[in-house]
Amino acid sequence: MNFIDPQTARQLVDEGALLVDVRTPQEFQEQHIPGALNLPLQELEARTDELPKDRTLVLYCRSGNRSSMARRYLLTHGYEEVHDLGPLTRWR
């Protein structure tokens with residue numbers, strides 16, 4: 001997996017990137033990064049239109065597996081600036 005480093009992820013978000021949590025709503029409710037949008041991986045295909053193509057995206061999940069799959073999906077569907085933070089714990 002090719003994760004973006006936490007410092008770069010924070011900088012991108014500070015500069016206006018959208019932070020996207022691809023975990024389940026239950027996981028999101030338990031803990032998430034403030035300001036993140038919860039768009040579960042299993043709903044990504046149906047809800048892709050909720051993500052702007054003209055804005056940088058920073059994805060994360062629990063272990064990095066789902067965010068990696070989401071990144072690959074988005075890149076193949078016309079999104080250009082998509083970064084994978086990997087696990088939520090890397091944000092701290």
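How many bridges join strand 1 to strand 3, and which way do the two strands run? I began my notebook here, with the predicted model open in front of me. I found four bridges between strand 1 and strand 3, residues 57-61, and the two run parallel. Leu 19 stands opposite Val 58 of strand 3.

**Entry: the other side of strand 1**

I then turned to strand 2, residues 37-38. Two bridges join strand 2 to strand 1, again in parallel. Here Val 20 is the residue that stands opposite Leu 37. I traced the chain from strand 1 through helix 2 (residues 25-30) to strand 2, and this β-α-β crossover is right-handed.

**Entry: side chains of strand 1**

Which residues of strand 1 point one way, and which the other? In strand 1, residues 18-21, I noted Leu 18 and Val 20 on one side and Leu 19 and Asp 21 on the other. Buried or exposed? I looked up each of these residues, and all are buried, Asp 21 included.

**Entry: the whole sheet**

Next I wanted the order of the strands. The sheet is open and has four strands in the order 2-1-3-4, with parallel pairing. Strand 2 and strand 4 (82-87) are at the edges with a single partner strand each, so each has one side without a neighbour in the sheet. Strand 4 is joined to strand 3 by five bridges, and these two strands run parallel. In this pair, Cys 61 is opposite Pro 87 of strand 4. Helix 4 packs on the sheet, where it touches strand 3 and strand 4, and its direction makes about 145° with that of strand 3.

**Entry: salt bridges**

How many salt bridges does the structure hold? I counted four. A reminder to myself: side chains of opposite charge can pair when their charged atoms come close.

One of the four is formed by the side chains of Arg 66 and Glu 27, at 2.8 Å from N to O. Why did I mark this pair as a tie between parts of the chain? Arg 66 is in helix 4 (residues 65-75) and Glu 27 is in helix 2, so the salt bridge links parts that are 39 residues apart in sequence. I also checked accessibility, and both Arg 66 and Glu 27 are buried.

Arg 47 took up the next page. Its side chain meets that of Glu 43 in a salt bridge of 2.6 Å, N to O. Arg 47 also meets Glu 50 in a salt bridge, this time at 2.8 Å, N to O. I drew Glu 43, Arg 47 and Glu 50 as a network of salt bridges. Glu 43 has a relative accessible area of 30%, so I wrote it down as partly exposed. Glu 50, with a relative accessible area of 41%, is partly exposed too.

**Entry: Gly 16 and the annotated span**

Where is Gly 16 found? I located Gly 16 in the loop between helix 1 (6-14) and strand 1. Gly 16 counts as partly exposed because its relative accessibility is 33%. I also took a distance to Trp 91: the C-alpha atoms of the two residues are separated by 16 Å, with their positions 75 residues apart along the chain.

Last, I read the record. An unreviewed UniProt entry carries the annotation "domain: Rhodanese" for residues 13-90. In the model, the end C-alpha atoms of residues 13-90 lie 14 Å apart. I noted the make-up of the span as 29% helix and 22% strand.

How values were computed
Residues are numbered from 1 along each chain as its sequence is written. This is a predicted model: local features need pLDDT of at least 70, side-chain atom pairs count only at pLDDT 80 or more; totals for chains, interfaces and linings use all residues. Side-chain values use heavy atoms; hydrogens and water are left out. UniProt positions are given in the numbering used here, feature names are shortened, and annotations may be inferred rather than shown by experiment. Buried means under 20% relative accessible area, exposed over 50%, partly exposed in between (1.4 Å probe, protein chains only). Two strands pair if DSSP finds at least two bridges between them. A crossover is right-handed if, with the strands pointing away from the viewer, the path from the first strand over the helix to the second runs clockwise. Contact means heavy atoms within 4.5 Å. Axes are lines fitted to C-alpha atoms, for helices over the stretch in contact, and angles run from 0 to 180 degrees between N-to-C directions.
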